[in-house]
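Opening the notebook on this one. I want to look at how the strands are arranged and then at what packs on them.

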Amino acid sequence: MQTATFYIVSPDSPQAEPQGFAQYVLFLAHHFAKQGAKLYLNCNDKAHAESLAEIFWQVEPEQFMAHNLVGEGPKYATNIEIGYEGVKPNWNRQLVINVADNHTTFANAFAQVIDFVPCEEKAKQLARERYKIYRQAGYQLQTVEIQHP
């Protein structure tokens, strides 16, 4: 069954700040990749994808996970592939983590979708639209509030 999980970012959380959000995305990507998932990180554009890829290089060596931008890396890619609207993953991916703030939807393209409900009102409305699209496509939906200290 296809699932879509929306993580709710509260205004007072570290994830409400750009750096904290990027670190949380890194945490989720590592979590799923360690479980063997082949995942795709969807960004706004090429510059956004490149900046997110750079964050993957800024971890401690023992936390490093192989990743690549779409069109780069080994022929069959790595477990973590980073792209943006208009490019396609190199091969079958089970899971997408959507960090783009546009109307992009992955209904029926991935078995599992991770998305976010940001604090900012316009971005929150776009998340609601994506939620409706996933529901209409038959995804099992859930929301999770990001826990923070």
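Started at one end of the sheet: E3 and E4 run parallel, and I find three bridges joining them. Within E4, Glu81 is the residue that stands opposite Asn68. Worth keeping in mind that this is a predicted model.

Next I looked up what sits on the sheet. H2 packs there and touches E2, E3 and E4, with its direction at about 155° to that of E4. Helix H3 (residues 121-136) also packs on the sheet; I get contacts with strand E1 (3-8), strand E5 (95-98), strand E6 (112-117) and E7, and an angle of about 155° between the directions of H3 and E6.

Then the whole sheet. It is open, has seven strands paired in parallel, and I read the order as E3-E4-E2-E5-E6-E1-E7. E3 and strand E7 (140-145) are the edges, each pairing on one side only. From one strand to the next, the twist averages 20°.

Back to H2. I count twelve residues, 46-57, and 17 Å from first C-alpha to last, close to the 16 Å expected at 1.5 Å a residue. Which residues of H2 are buried? I get Ala49, Leu52, Ala53, Ile55 and Phe56. Why do they share a side of H2? Because their arc around the axis is only 150°. Ala47 and Trp57, on the other side of H2, are exposed.

I also checked what covers the buried residues of H2: the list includes helix H1 (18-34), strand E2 (39-43), strand E3 (67-69) and strand E4 (80-84).

Last entry, the start of H2: a side-chain oxygen of Asp45 comes to within 3.3 Å of the backbone nitrogen of Ala47.

Key:
Residues numbered from 1 in each chain as written. Predicted model: local features only at pLDDT ≥ 70, side-chain atom pairs only at ≥ 80, totals over all residues. Heavy atoms only, no water. Helix = DSSP H or I, 4+ residues; strand = E, 2+ residues; numbered from the N terminus. Expected span 1.5 Å × (residues − 1). Buried < 20%, exposed > 50% of the residue type's maximum accessible area, 1.4 Å probe, protein only. Arc of directions from axis to C-beta. Contact = heavy atoms within 4.5 Å. Polar contact = N/O pair within 3.5 Å; in protein donor to acceptor, adjacent residues only side chain to side chain. Pairing = 2+ DSSP bridges. Axes fitted to C-alpha atoms, helices over the stretch in contact; angles between N-to-C directions.
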